[in-house]
Amino acid sequence: MQDLETLNRLFGKEAQVRFVEGQTGMPIIEVATKKASATIALYGGQILSYKSNGMEHDLFYLSEKAIYQQGKAIRGGVPVCWPWFGEDPSKLGRQAHGFARNLLWNVLDCQLHDDIVEITLGLESTATSKQWWPNEFRLRKKIVIGEQLDIALTTENRGEIPFSISKALHSYFLVGDISQITVVGLDGLDYLDKTLDFSKQTQVGDITPFAETDRVYLASPARVDIIDEALKRQINIEQSGAENIVVWNPWTRASLLNDMDASDYRKFICVETANAIANSVIIAPGASHQMQVKYNVSSIA
Ligand SMILES: O=P(O)(O)OC[C@H]1O[C@@H](O)[C@H](O)[C@@H](O)[C@@H]1O
């Protein structure tokens, strides 16, 4: 593991990028420039917060009851689901959403230009990862923190046989009140409804959740917006290299989660950039696959 002193010496940028101890001693990257601020946990390679300057509220929800403990996923921010999305596809009892969100990532690079910070994190196959998944891989996550937030997740097959992955950037967007948001851009698309045993449905109109919502949209568009009347802002999500958008809110099932307050379902909506289920990706030896997303926030009247 890279210790904080080494991380600060190799990658720190004075007051703008600092490596500090977070909750339960977990290493955290703190970014504060003229353009934006952010925190990223090396555990899970997980963005926990982001705010461009001028934004009143954070872009992301982070549960006050989040558990910062080896083997548990941190509830909030942008967890990485990889190398599978959802339940274990082989039904072997492995952890939901894969293991990338439950391991410590390495810092590979950090650059600062014109108040834009570019951080690259990495995760590679080890004896630990092979307990769950036998393949040789290299995963890279490039995070660009400026007036907007860009994430690129690249999977490289370093082994000698092809492998199949599903994946998601499981973003928990902070909202003022779930009943006052509209997710725009999915009208007319087919989706698999997890609350109805993954049956195929067709979206009619835009989405304002009013009950548990757990859907994998198929052939998703490159752009989706969240209009938040309570926080008076619009979040623009633009993705590439991803076939699906997942929309999730547990509604009152939040009370069954031990790392979230029962009423917190009102405070977030997950709109996830994904390649899931039938849109899993097969990567040949030596080849790689990239999924990218950009988040941009603007005020609305
Ligand atoms: O509690 P977890 O493992 O982080 O998963 C949260 C949710 O993640 C969503 O992506 C899934 O579609 C839901 O079915 C799941 O409940």
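# Close-up views of a predicted fold

**View 1. Ser240, an exposed residue in strand E18.** Ser240 counts as exposed because 12 other C-beta atoms lie within 10 Å. (By the rule used here, 12 or fewer such neighbours make a residue exposed, 20 or more make it buried, and anything in between is partly exposed; C-beta atoms are placed from the backbone.) This is a predicted model, in which local features need pLDDT of at least 70 and side-chain atom pairs count only at pLDDT 80 or more, while totals for chains, interfaces and linings use all residues. Residues are numbered from 1 along each chain as its sequence is written. Leaving aside residues up to four places away in sequence, Ser240 touches Ala222 and Gln292; a contact here means C-beta atoms, placed from the backbone, within 7 Å. Ser240 and Leu92 are 148 residues apart along the chain, and their C-alpha atoms are separated by 31 Å.

**View 2. The whole protein, for orientation.** The protein has two helices and 22 strands, all taken as DSSP runs numbered from the N terminus (H or I over at least four residues for helices, E over at least two for strands). Its radius of gyration is 18 Å, close to the 19 Å from the globule rule for 301 residues, so the protein is as compact as a globular protein of that length. (The radius is taken over C-alpha atoms, and the rule is 2.2 Å times the number of residues to the power 0.38.) Along the principal axes, the C-alpha atoms fill a box of roughly 50 × 45 × 35 Å. Of the 301 residues, 40% count as buried. Among contacts with a separation of 6 or more, 63% are between residues 24 or more positions apart.

**View 3. Strand E22 and its partners E9 and E18.** Strand E22 (residues 288-299) runs antiparallel to strand E9 (residues 149-157), and eight bridges join them; two strands pair if DSSP finds at least two bridges between them. In this pairing, Leu153 has Met291 of E22 as its bridge partner. Strand E18 (residues 233-240) also pairs with E22 in the antiparallel sense, over eight bridges. Here the residue from View 1 returns: Ser240 is bridged to Gln292 in E22.

**View 4. Strand E16, with both faces covered.** Five of the five residues of E16 (residues 213-217) are buried, so this strand is largely enclosed by the rest of the structure. In a regular strand, side chains alternate between the two faces of the sheet. Thr213, Arg215 and Tyr217 are on one side of E16, Asp214 and Val216 are on the other, and all are buried. Strand E14 (residues 190-193) runs antiparallel to E16 and is joined to it by three bridges, with Leu192 opposite Val216. E16 also pairs with strand E19 (residues 244-249) in the antiparallel sense, over five bridges, and there Tyr217 stands opposite Ile245.

**View 5. His170 and Glu272, listed as "active site".** The label comes from an unreviewed UniProt entry; positions follow the numbering used here, feature names are shortened, and such annotations may be inferred rather than shown by experiment. His170 lies in the loop between strand E11 (167-169) and strand E12 (172-174), and counts as buried because it has 24 C-beta neighbours inside 10 Å. Beyond residues up to four places away in sequence, His170 touches Val78, Pro79, Cys81, Cys270 and Glu272. Glu272 sits in strand E20 (residues 268-275) and is buried, with 26 other C-beta atoms within 10 Å. With the same sequence cut-off, its contacts include His170, Ile245 and Trp248.

**View 6. The shell around the ligand.** Which residues surround the ligand? They are Ala73, Gly86, Ala96, His97, His170, Lys194, Asp214, Val246, Trp248 and Glu272, where a C-beta atom, placed from the backbone, within 6 Å is the criterion. The shell divides into four nonpolar, three polar and three charged residues. (Ala, Val, Leu, Ile, Met, Phe, Trp, Tyr, Cys and Pro count as nonpolar, Asp, Glu, Lys and Arg as charged, and the others, Gly among them, as polar.)

**View 7. Backbone details in the loop between E5 and E6.** Pro83 is found between strand E5 (80-81) and strand E6 (106-113), and a cis peptide bond joins it to Trp82, with omega about 0°. In this loop, Lys91 has a positive phi of about 55° although it is not a glycine. Lys91 is exposed, with 7 other C-beta atoms within 10 Å. His97, also between E5 and E6, has a positive phi near 65°. His97 is buried, with 23 other C-beta atoms within 10 Å.

Methods: Contact = placed C-beta atoms within 7 Å.
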